[in-house]
Amino acid sequence: MELLQNEKWDYVVLQEMSNGPITAKESFMQSVKDLCGKIRENGAVPVLYATWAYQKDGKQLQKFGIDYDEMYRKMHEAYAEAAEKNHTLLADVGSAFYEKTETENLFNDDGSHPNEAGSNLAAETIAEVILKDANA
């Protein structure tokens, strides 16, 4: 918070923990609202970094007790709702993962975090959203 108050930013990217938007949705929504307000007070544009479902058929997904499609759908819906309610940009990395997961390995061995290809996809998705807004 100190950096947000003491530095000027053009964009601030917000990311929640991997399953927070669906396991603690009320808290997630309130945090997005509060942080978007503070970001705008700074004169910056908030960007929600929508993360992905755990790797299909992976151990993380099995531990979580939900299937891949359902986790993707719930994550996507939560981030889309938060972006709409807060009139903010959405870097929908989760959808980018979902579209490519059948043809590319995007996950680290833990089935939750991205490997290099997944990190590149995330960075490209975020950059695309910010550049599109900056050039609008």
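These legends go with close-up views of a predicted model.

**View 1. A50 and its surroundings.** Here we're looking at A50, which sits in strand β2 (residues 45-50). A50 is buried, with a relative accessible area of just 1%. Setting aside neighbours within four places in sequence, A50 touches Y79, L90, A91, D92, V93 and G94. I126 belongs in the frame as well: A50 and I126 are 76 residues apart along the sequence, yet their C-alpha atoms are 9.5 Å apart in space.

**View 2. Helix α5 from end to end.** Helix α5 runs over residues 68-86, 19 residues in all. At 1.5 Å a residue it should span 27 Å, and the end C-alpha atoms are indeed 27 Å apart, so the expected and computed lengths agree.

**View 3. The two sides of α5.** Y68, M71, Y72, M75, A78, Y79, A82, A83 and N86 are the buried residues of α5. These residues lie on the same side of the helix because they cover an arc of only 140 degrees around its axis. Over on the other side, E84 and K85 are exposed. As for what covers the buried residues, the list includes α2 (20-23), α3 (25-41), β2, α4 (59-64), β3 (89-92) and α6 (93-100).

**View 4. Where α5 starts, and what follows it.** At the start of α5, a side-chain oxygen of D67 comes to within 3.2 Å of the backbone nitrogen of D69. After the helix comes H87, with a positive phi near 50 degrees.

Definitions and conventions:
Residues are numbered from 1 along each chain as its sequence is written. This is a predicted model: local features need pLDDT of at least 70, side-chain atom pairs count only at pLDDT 80 or more; totals for chains, interfaces and linings use all residues. Side-chain values use heavy atoms; hydrogens and water are left out. Helices (H or I, at least four residues) and strands (E, at least two) are DSSP runs, numbered from the N terminus. Buried means under 20% relative accessible area, exposed over 50%, partly exposed in between (1.4 Å probe, protein chains only). Contact means heavy atoms within 4.5 Å. The expected span of a helix is 1.5 Å times one less than its number of residues. The arc is that of the directions from the helix axis to the C-beta atoms. A polar contact is a pair of N or O atoms within 3.5 Å; within protein, one must be able to donate a hydrogen and the other to accept it, and residues adjacent in sequence count only if both atoms are side-chain atoms.
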